[in-house]
Amino acid sequence: MVMPSTDPAHNDCTRNTDIPVIDLNGSRHRVSESILKACEEFGFFMVTNHGVAENVIARMEATGSEFFSLPASEKQRSGPPNPLGYGFRSIGSNGDTGEVEYLLLHASPTYVSLRAKTICKKDHLGFSCVVTEYVESMRSLACEILELLGEGLKLGDTEIFCKLLRDSKSDSLLRLNHYPASYSSARDDCRIGFGEHTDPQILTLLRSTVGGLQIMKDGGPWVPVKPDPAAFCVHVGDALQAMTNGRLASVRHRAVVNSYTQRMSVVYFGAPPPHASISPLSETVTPENPRRYKSFTWGEYKKAMYSLRLGQNRLDHFLSSNGEEGDCDT
Ligand SMILES: C=C1C[C@]23C[C@@]1(O)CC[C@H]2[C@@]12CC[C@H](O)[C@@](C)(C(=O)O1)[C@H]2[C@@H]3C(=O)O
Ligand SMILES: O=C(O)CCC(=O)C(=O)O
Ligand SMILES: [Fe+2]
């Protein structure tokens, strides 16, 4: 007899019934419309036929697994996170915790090759090569998605988001999360691996082959995302919400720990350079949707983000008061 599972990451609801799955191989116009619709309705979707080479993914995942299987004392040499580096249970510096260990890296090749020497003593050149290659694939995929989104939004400059990610000073990050299996017999137990939050950046690309990620739509119930090894999860981040004047909303999500299987997620956060101005784009400010956010730099946003707890709403601190900063970005 098959017993119903009480594992929140493995239950019967683990089906992407409502979550959009977008095949990038479709007709350009239809793909761009589907991406826009998914970003407006969920701030989240899964993308298939993404063109990221299987060996690039396999090498990244093997490198991540190898790192997490090192003895604790060796991993700790890459920590504590400041905020980058190796972290265990503690997330950020404001008291947030979860059943997770992670490696948080800046995505720039120079940073990666510097840190590689501590992270992977055995083969630091191999480590930097794998990470840099993966980050480059993620940046290309994020740019393709953002350009399709720009077309859907009918922006004058459809490359506006991508230019921020491609800037040599882009503040993009790569995060490897490892959640150990954590069995609990309590029926409604739901162990938090990574507490609820929205991602602050422009766009997140996440990959995991094990269940645990959950998203929330409009304050509704948590919806488990069924893992698909052939897909990447795409999250709208706060900076994209601000630049689209709230037309797209960053998605609230969390990761719960799986009772039976350990889990790893590999996450790329596409971000602007620190001095880039984040401002609602003129095409998204209309009489029906007047300007909602002030202009701020990514550096200013990061300062606010690091001063707040994981689950707090950061964009609310940048709401435009009536009539203030009426000009928008063009
Ligand atoms: C508690 C925190 C961790 C975080 C920085 C923050 O102060 C608030 C945002 C958190 C978050 C969530 C998404 C990403 O995982 C992350 C790297 C980011 O950019 O914002 C983390 C930050 C972190 O772990 O340093
Ligand atoms: O591991 C996951 O599924 C979620 C991780 C996450 O949200 C993050 O790293 O920001
Ligand atoms: Fe996240």
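Select the shell around ligand 1 in this predicted model. By class, that shell holds 10 nonpolar, 3 polar and 4 charged residues. Altogether, 17 residues surround ligand 1. To find the closest of them, pick Pro83, Gly92, Asp96, Asp199 and Leu310.

Next, colour the elements that contribute to this shell. Select β4 (96-106), β5 (173-179) and α8 (298-307): each of these supplies at least two residues of the shell around ligand 1.

Now leave the ligand and select β6, β11, β8 and β9. These 4 strands form an open sheet, and β6-β11-β8-β9 is their order. The pairing is antiparallel. At the edges of the sheet are β6 (192-197) and β9 (222-224), each of which pairs on one side only. From one strand to the next, the twist averages 25°.

Within this sheet, zoom in on β8 (residues 213-216) and its neighbour β9. The two strands run antiparallel and are joined by 3 bridges. For one specific pair, select Ile215 and Val223: in β9, Val223 is the bridge partner of Ile215.

Finally, colour the chain by pLDDT. The mean for the protein chain is 92, with 90% of its residues at 70 or more. Then select residues 1-14, where pLDDT stays under 50. For residues 1-14 the model has 21 contacts beyond four places in sequence. For the complex, the predictor gives an ipTM of 0.99 and a pTM of 0.93.

Methods: Residues numbered from 1 in each chain as written. Chains lettered and ligands numbered in written order. Predicted model: local features only at pLDDT ≥ 70, side-chain atom pairs only at ≥ 80, totals over all residues. Near = placed C-beta within 6 Å. Nonpolar A, V, L, I, M, F, W, Y, C, P; charged D, E, K, R; others polar. pLDDT = per-residue confidence, 0-100. Contact = placed C-beta atoms within 7 Å. Pairing = 2+ DSSP bridges. Axes fitted to C-alpha atoms, helices over the stretch in contact; angles between N-to-C directions.
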